[in-house]
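Dear colleague,

I am handing over the structure below, and after it you will find an account of what was found. Please read the account with the coordinates open beside you.

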Amino acid sequence: MATKIRLQRGGRKSYAFYSIVIADARAPRDGRFTEKIGSYNPNTNPATVDLNFDRALYWVEVGAQPTDTVRNILSREGVYLMKHLKGGVKKGAFDEATAQKKFDAWKADKQKGLEKVAAEVAKAKKDAAAKALAEEKKVNEAIAKKVADKKAAAVAEPEVEAPAEEAAATEEAPAEA
């Protein structure tokens, strides 16, 4: 029986969410599976992966073939690196402790990179919000200036019209007398 490591789609329309499953190669995409080893959410930035590392490593070592997307996910999570390091231990290139140190160093470096990306995204959001606020302040100042000009014009116009109204009233008054 050929075994595949593949994604099984879930979630609602236009908001996909995937489970990483072990399934028979002949089973349909969302059909029967042997074991669920994790989940993948591409909707977040960066994409969120929740993986049972030990089970994924076991299935890769026994020969389960991942799809292209799952292979990329497993590679980013370090499953293939650990498989490679375990192969080095079996060949006697180094011991188990050295392999674990190398993996931990790689994982720490990977985590720093993810934190850096998250910080850049947060900074970009903050800069965009500050830029939008500055633009909104400019628009509000322009509107306030227009309103002030209209009020000043409205105050100036009655003073000009008031003497004309008084003159008209005086002209009409003698006609009534």
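I begin with one residue: aspartate 24 counts as buried, because its relative accessibility is 18% and buried means under 20% relative accessible area, with exposed meaning over 50% and partly exposed in between (1.4 Å probe, protein chains only). Its partner is arginine 26, with which aspartate 24 forms a salt bridge whose closest N and O atoms are 2.9 Å apart; a salt bridge here is a side-chain nitrogen of Lys or Arg within 4 Å of a carboxyl oxygen of Asp or Glu. Arginine 26, by contrast, counts as exposed at 70% relative accessibility.

Please keep in mind that this is a predicted model, in which local features need pLDDT of at least 70 and side-chain atom pairs count only at pLDDT 80 or more, while totals for chains, interfaces and linings use all residues. Residues are numbered from 1 along each chain as its sequence is written, and side-chain values use heavy atoms, with hydrogens and water left out.

Overall layout

The secondary structure of the protein chain comes to four helices and five strands, where helices (H or I, at least four residues) and strands (E, at least two) are DSSP runs numbered from the N terminus. Read from the N terminus on, the elements run β-β-β-β-α-β-α-α-α. Of the 177 residues in the protein chain, 21% are buried. Among the contacts with a separation of 6 or more, 35% are between residues 24 or more positions apart, a contact meaning heavy atoms within 4.5 Å.

Other salt bridges

A search of the whole structure finds six salt bridges, and two others deserve a description beside the one above. Aspartate 68 forms a salt bridge with arginine 71, the closest N and O atoms lying 3.1 Å apart. These two residues are separated by about one helical turn, because they are three residues apart in helix 2. Aspartate 68 counts as exposed at 56% relative accessibility, whereas arginine 71, at 35%, counts as partly exposed.

The side chains of lysine 107 and glutamate 77 also meet in a salt bridge (3.8 Å, N to O). This pair links distant parts of the chain, since lysine 107 is in helix 4 and glutamate 77 is in helix 2, 30 residues apart. Lysine 107 is partly exposed, with a relative accessible area of 33%.

The largest pocket

Which residues line the largest pocket? The lining consists of Pro46, Ala47, Thr48, Val49, Ile73, Arg76, Glu77, Lys107, Lys110, Gln111 and Leu114. For the search, a 1 Å grid was laid over the protein atoms alone, and a pocket is an open set of points where a 1.4 Å probe fits, with protein on both sides within 12 Å along at least five of seven lines; lining residues have an atom within 4 Å of a point. About 290 Å³ of space lies in this pocket, the volume being the space filled by probe spheres set on the points.

Strand 4 (48-51), helix 2 (68-77) and helix 4 (96-176) each supply at least two residues of the lining, and helix 4 gives the most, with four residues. By class, the lining has five nonpolar, two polar and four charged residues, where Ala, Val, Leu, Ile, Met, Phe, Trp, Tyr, Cys and Pro count as nonpolar, Asp, Glu, Lys and Arg as charged, and the others, Gly among them, as polar.

Buried sides of the helices

In helix 1 (residues 53-61), Ala56, Leu57, Trp59 and Val60 are buried. They cover an arc of only 165 degrees around the axis, which puts them on the same side of helix 1; the arc is that of the directions from the helix axis to the C-beta atoms. The buried residues of helix 1 pack against strand 1 (3-12), strand 2 (15-24), strand 3 (35-41), strand 4, helix 2 and helix 3 (79-91).

In helix 2, Val70, Ile73 and Leu74 are buried. Their arc is only 95 degrees around the axis, which puts them on the same side of helix 2.

Backbone and two serines

Glycine 63, which follows helix 1, has a positive phi, near 105 degrees, and glycine 78, just after helix 2, takes a positive phi of about 95 degrees. Serine 14 has a positive phi of about 65 degrees although it is not a glycine. Serine 14 is found in the loop between strand 1 and strand 2 and is exposed, with a relative accessible area of 72%.

Serine 19, in strand 2, counts as buried at 14% relative accessibility. Leaving aside its neighbours within four places in sequence, serine 19 is in contact with Arg6, Leu7, Gln8, Lys36, Gly38 and Ser39.

With best regards
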